[in-house]
Amino acid sequence: MANKQWFWQPKHTGEAAISEENVPVHIAIIMDGNGRWAKKRALPRIAGHNEGMKTVRKITRSANRIGVKVLTLYAFSTENWKRPKLEVDFLMKLPEEFLSTFLPELIEENVRVEMIGDIEQLPAHTKKAVQNAIEKTAGNTGLVLNFALNYGSRSEIVHAVQSIMKDVEAGKLADQDVTDETISSYLMTGHLPEPDLLIRTSGEHRLSNFMLWQLAYTEFFFTDVLWPDFSEEHLFEAVKAFQKRSRRFGGLSQ
Ligand code: V07
């Protein structure tokens, strides 16, 4: 980057800045702690989800600003359908709500919206809003904002295996050509680089069926901060931890 006066200066002496080199290309985030945030304030869970949505907006801007190329956000898992119907109904309105205010800004900022997960099982209104955002931003060349929505990693792998078998049976693929790369390319993230950094908020240390294949070499960053409280500073802290670790490995890892 030519601009030497970069976007972030340490506030205190002794605090390191983010290096312009080695910014993670792809950051994936499990946005946990919205319900807990609400409970702490004696508010309904949906208030936490609403606040969490505001954080999505802030973190998208920050990631774009530091030059992240792909930001994958786990918004709704296939297991989340088991939650109370009123909560699910509310969650399914969030994509529309988010996009009705934020889509113009995403277009302005050259962000491309994408989605992984089963779009077909979403309510029609949710599907329409997401598809519209994908279409309206399809030509954008900046940050890819990839929502994992009705997503489950094992089901994604099952579908990939089924497609591979179909292509083998049809003679489009020889069975000896089924490699690590083949499987990667049949996943819904086939066109994207694998995540360099995974962040999970709210103190849980599980993958919860998120990108199991794609996270094989990813650095993990866990924080106790609840997703609605997660700020640009917290994101930078995760990026700095990532940079420190990758400097230590000196490119000898994998
Ligand atoms: C959701 C807010 C963030 C915290 C996690 C749960 C609640 C943004 C979206 C979204 C999805 C697709 C899209 C645009 C926006 C979203 C759900 C939940 C289901 F194209 N936040 N957010 N979707 N939460």
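# A chat about a ligand shell, a buried strand and two loop residues

Reader: Hi! Let's start with Ala 42: buried or exposed?
Author: Ala 42 is exposed, with a relative accessible area of 72%. Residues count as exposed when that value is over 50%. Keep in mind that this is a predicted model.

Reader: Got it. Where is Ala 42 in the chain?
Author: Ala 42 sits in the loop between helix 1 (34-40) and helix 2. Its phi is near 55°, a positive value in a residue other than glycine.

Reader: And what about phi of Asn 209?
Author: Asn 209 is not a glycine, but its phi is positive too, at about 65°.

Reader: Which loop holds Asn 209?
Author: The loop between strand 5 (197-200) and strand 6 (219-222).

Reader: So is Asn 209 buried or exposed?
Author: Asn 209 is buried, because its relative accessible area is 18% and the cut-off for buried is under 20%.

Reader: Cool, new topic: the ligand. How many residues surround the ligand?
Author: There are 17 of them, and the closest are Leu 91, Leu 94, Phe 98, Phe 147 and Leu 149. On its own the ligand has 510 Å² of accessible area, and the protein covers 98% of that.

Reader: Which elements give two or more residues to that shell?
Author: Helix 2 (45-65), strand 2 (70-77), helix 3 (85-108) and strand 4 (144-151). Helix 3 provides the largest share, with 5 residues.

Reader: How do the shell residues divide into nonpolar, polar and charged?
Author: The shell has 14 nonpolar residues, 3 polar ones and no charged ones.

Reader: And what can you say about the space taken by the ligand?
Author: That space is the largest pocket.

Reader: Back to strand 2 for a second. How many of its residues are buried?
Author: 7 of its 8 residues are buried, so strand 2 is largely enclosed by the rest of the structure.

Reader: Which sense does strand 2 have when it pairs with strand 1?
Author: Strand 1 (residues 26-30) and strand 2 pair in the parallel sense, over 5 bridges. If you want to find the pairing on screen, look for Ala 28, which stands opposite Thr 72 in strand 2.

Reader: How many bridges join strand 2 to strand 4?
Author: Those two strands run parallel and are joined by 7 bridges. Here you can look for Ser 77, whose bridge partner in strand 4 is Tyr 151.

Reader: Thanks, I'll go and find those pairs!

Methods: Residues numbered from 1 in each chain as written. Predicted model: local features only at pLDDT ≥ 70, side-chain atom pairs only at ≥ 80, totals over all residues. Heavy atoms only, no water. Near = heavy atom within 4 Å. Areas by Shrake-Rupley, 256 points an atom, 1.4 Å probe, with all protein chains shown as cover. 1 Å grid on protein atoms, 1.4 Å probe; cavity = no way out; pocket = protein on both sides within 12 Å on 5 of 7 lines; lining within 4 Å. Sits in = over half its atoms within 2 Å of the grid points. Helix = DSSP H or I, 4+ residues; strand = E, 2+ residues; numbered from the N terminus. Nonpolar A, V, L, I, M, F, W, Y, C, P; charged D, E, K, R; others polar. Buried < 20%, exposed > 50% of the residue type's maximum accessible area, 1.4 Å probe, protein only. Pairing = 2+ DSSP bridges.
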